[in-house]
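Hi,

Here is the structure I promised to pass on. Have a look at it first, and my notes on what turned up are underneath.

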Amino acid sequence: MNEDHSHPHGDHEHPHPPEMPADSGSQALTEALRSSFNIVRLVMFVLVVVFFVHGIFQVKPNERAIILHFGKPRGEGTQALLGPGLHWSYPYPIDEVEKVSVTGVQKVESTVGWYATTREQELAGTEPPAGNTLNPALDGYTITADANIIHVRSTLTYHVVDPVQYVFGFVAASNIVQDALNNAIVYASANFKVDDILTKDKAGFQAAIEKRAIELLDKENVGVAVDQCDVQTTWPRQQNVKTAFAAVLSAQLDRDRLLQDASTYTNQVLTAAVASSNSIVNLAEAQRVQYVSDISSRATNFLSILPWYRTNANLFVQQRFNETMGRVLTNLQEKIYVPERLDGKTRELRLLLNSEPPKPSTATTNQ
Amino acid sequence: MKRNSLIVIVGAILVIIFAFWLCAFQVRTTEVAVVTTFGKATHPITEPGLKFKWPPPIQRVYRFDQRIQSSEFENKFREDLTADNNPLLTSVYIGWRISQPDVFLQRFPNGISEAEPQLAKLVSSTKSAVVGHHPLSDFVSANEGGSKFSAIEDEILAAVDEKLTNNNYGLEIKFLRFKKIGLPEATTEKVFARMTSERNVLISRAQNEGEAAAKNIRSDAELRASKILSAAQGEALRIQGQGEAEASKYLGVFQQEPQLASFLFRLDALQDSLKEKSTLIFDQQTGPFTLFGSDVMTNLLSK
């Protein structure tokens with residue numbers, strides 16, 4: 001390399017030698033200068049390469065980058081964002097590269113609204129002793145719409161959607177998110193009654209917190225999207241209050257059970273009523289059909305015997321009557337014949353009636 | 001010659017770099033700056049980019065963070081009286097930023113750390129005044145339409161903003177919201193007592209309600225059941241009537257010989273009524289027992 005480079009230089013410098021001293025010392029100096037100049041050129045070349053290579057930077061899949069050219073973002077708004085891959089920028093101080101994580105889900109917890117406790121205590125499942133009052137400096141709580149005191153806390157997960165705004169717009173954007181969540185808790189509590197928050201409308205309360213937080217973050221243009229908002233609520237831990245709240249719940253459970261029983265009873269009674277009403281109607285229907293067909297067959301029968309009757313009414317009546325009496329008497333359990341007294345006087349007959357008719361014997365005769 | 005020209009070039013480059021270093025400066029996108037000429041703020045810069053100035057001591061540049069600051073100076077509760085004389089603890093958080101760097105520099109030469117306490121004081125006093133204009137029910141309310149929470153926040157914000165503009169702070173306040181609302185410690189005990197008695201009312205109401213409602217439900221069920229039954233009986237009567245109406249068309253048949261019909265019906269009735277467990281007492285006038293005492297047989301035999 002150096003040999004090749006020396007040739008053109010040699011040609012170039014040929015016109016000069018007459019001006020230079022021709023002694024060997026100065027020639028050696030010239031040689032030395034020439035080679036050091038070459039080294040300088042090599043160093044410069046390397047520097048240029050380093051300059052360009054150094055400007056290359058990588059953006060990972062979950063990141064976006066922004067190049068600040070003399071402090072000003074290249075491009076407007078979200079167009080300034082560089083996606084994943086290799087990019088190039090001038091070195092500092094001309095350009096500056098800011099990388100922002102976008103897919104990473106971030107999490108904030110509310111700092112107001114919950115009583116003083118520590119993570120260790122929570123993990124152990126224990127609570128600090130509750131006094132009769134709440135110290136505003138230590139214990140967090142919120143005030144409900146009906147001026148009750150309750151404890152609320154919430155965890156909000158979000159991700160960055162507008163990194164330019166999130167990074168360059170705020171000194172501490174996550175604090176803004178946290179305070180928006182705090183405000184949402186206080187705000188939602190002030191608009192909900194204690195029973196709605198704790199029992200009746202838990203979901204509505206949670207939705208109100210989430211809605212308010214999203215609204216505030218949009219208004220303040222923080223550049224984040226809310227993924228999830230978990231809310232935890234509890235009544236005060238003060239002994240009397242706690243017992244009273246629990247007692248209300250159990251009283252309401254009792255009431256619900258009573259109502260449940262009553263509605264079960266209603267079902268039973270109504271089902272029975274419908275069943276017997278059906279049977280009444282069906283029976284009536286059956287009787288009607290039977291009655292009509294009975295009459296109809298009597299009518300047919302009547303028509304068929306009418307000619308016979310007209311032929312000899314007296315004989316017919318006698319015959320029918322006696323025949324029927326014969327049939328009736330066969331079925332009768334007891335028949336008592338009382339002949340007329342010979343003297344023509346009325347005979348007196350006394351009957352001793354059993355209040356209860358003897359059963360077994362009649363049963364057999366009836367068959 | 002060649003060495004000299006090289007030296008000249010290198011020297012020139014160095015001079016240019018030095019001049020650049022003295023005269024050029026960057027304003028980052030997160031910053032605002034102000035250039036002072038002989039100590040007097042002359043050029044506020046609110047746009048980022050590469051800027052130039054005369055070298056010191058003629059001109060100097062001061063930079064400030066222009067991002068929204070969310071200072072935590074309002075972390076402590078402050079007690080104020082509401083319009084209806086209830087003590088109320090509130091704390092707000094605010095987002096503010098430097099909007100006029102030249103004005104800001106004049107007012108706070110030591111920067112943000114100097115501005116914050118003053119801003120805190122201003123916010124605090126403004127908040128007290130606004131809270132004093134509202135009754136407690138404006139903060140928490142179960143009424144239709146909810147509390148005037150947001151309206152109060154906006155009111156404080158507007159008042160603070162006005163003071164900032166009037167007093168030349170060079171700041172603008174972007175948002176102001178409540179972070180905490182509480183009651184003095186002594187009051188909480190009273191609140192707990194009231195809550196407990198409210199709960200007791202609810203307990204007895206639940207008990208009474210349960211019994212009364214259950215009773216109502218039961219009697220209602222019985223009423224409905226009896227209505228169903230009486231409707232069914234009515235229906236049964238109607239069916240019976242229908243049956244009789246259908247039967248009446250056979251009356252014409254019996255009409256041909258009413259005496260016979262009546263006789264036949266009576267025979268059937270007799271037969272039906274004496275079906276079982278009956279005791280019948282006869283005299284000899286009733287057929288066929290006329291055979292016993294009378295002279296029917298003798299009459300027949302004599303023929």
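Let me start with chain B: of its 303 residues, 38% are buried. Keep in mind that this is a predicted model. Its scores are ipTM 0.73 and pTM 0.69. Chain B has an average pLDDT of 85, with 90% of the residues at 70 or above. Among the elements of that chain, helix α6 (residues 185–248) has the highest mean pLDDT, 91, and helix α10 (residues 296–302) the lowest, 66. By element count, chain B has ten helices and nine strands. If you take its contacts with a separation of 6 or more, 66% are between residues 24 or more positions apart.

**Two sheets in chain B**

The first one I'd look at is an open, antiparallel sheet of three strands in chain B, in the order β3-β2-β5. Its edge strands are β3 (40–45) and β5 (59–65) of chain B, each pairing on one side only. Ignoring direction, neighbouring strands here are turned by 25° against each other on average. Strand β2 (residues 31–37) of chain B runs antiparallel to β5(B), and seven bridges join the two. If you want a residue pair to find your way by, Val32(B) has Phe64(B) in β5(B) as its bridge partner.

The other sheet is also open, with three strands of chain B ordered β6-β7-β8 and antiparallel pairing. Why is one side of β6 and of β8 left without a neighbour in the sheet? β6 (78–81) and β8 (171–182) of chain B stand at the edges and each has a single partner strand, so there is nothing in the sheet on the other side. From one strand to the next, the twist averages 45°. Strand β7 (residues 87–98) of chain B is joined to β8(B) by ten bridges, again antiparallel, and Gly95(B) sits opposite Phe175(B) in β8(B). Helices from both chains pack on this sheet. α5(A) touches β7 and β8 of chain B, and its direction makes about 45° with that of β8(B). Helix α3 (residues 112–131) of chain B touches β6, β7 and β8 of chain B, with its direction at about 140° to that of β7(B).

**The nonpolar cores**

Which residues have the most contacts inside the largest nonpolar core? They are Ile209(A), Val222(A) and Leu176(B), in a core of 78 residues. Helix α5 (residues 173–191) of chain A supplies the largest share of this core, ten residues. Domain 1 (2–65) and domain 2 (78–183) of chain B each contribute at least three residues. Leaving aside neighbours within four places in sequence, Leu176(B) is in contact with Val92(B), Tyr93(B), Ile94(B), Val123(B), Glu153(B), Ile156(B), Leu157(B) and Val160(B). Apart from the largest core lies another, of 15 residues, including Ile295(A), Phe316(A), Val253(B) and Phe254(B).

**Over to chain A**

Strand β9 (residues 149–160) of chain A has nine of its twelve residues buried, so the rest of the structure largely encloses it. Its pairings are as follows:

- Strand β7 (residues 106–109) of chain A pairs with β9(A) in the antiparallel sense over four bridges; Glu109(A) has Thr155(A) as its bridge partner.
- Strand β8 (residues 142–143) of chain A is also antiparallel to β9(A), over two bridges, with Ile143(A) opposite Ile149(A). β8(A) and β9(A) form a hairpin with five residues between them, and Ala147(A) in the turn has a positive phi of about 55°.
- β10(A) runs antiparallel to β9(A) and is joined to it by ten bridges; here Tyr158(A) stands opposite Val226(A).

One more residue to look at is Arg237(A), which lies in the loop between β10 (224–234) and α8 (239–311) of chain A. Is Arg237(A) buried or exposed? Its relative accessible area is 10%, and the cut-off for buried is under 20%, so Arg237(A) counts as buried. Leaving aside neighbours within four places in sequence, Arg237(A) is in contact with Tyr115(A), Glu127(A), Pro128(A), Pro129(A), Ala130(A) and Lys242(A).

Cheers

Key:
Residues numbered from 1 in each chain as written. Chains lettered and ligands numbered in written order. Predicted model: local features only at pLDDT ≥ 70, side-chain atom pairs only at ≥ 80, totals over all residues. Heavy atoms only, no water. Pairing = 2+ DSSP bridges. Axes fitted to C-alpha atoms, helices over the stretch in contact; angles between N-to-C directions. Core = buried A, V, L, I, M, F, W, Y, C linked by side-chain atoms within 4.5 Å. Buried < 20%, exposed > 50% of the residue type's maximum accessible area, 1.4 Å probe, protein only. Domains from an automatic or database assignment. Contact = heavy atoms within 4.5 Å. pLDDT = per-residue confidence, 0-100.
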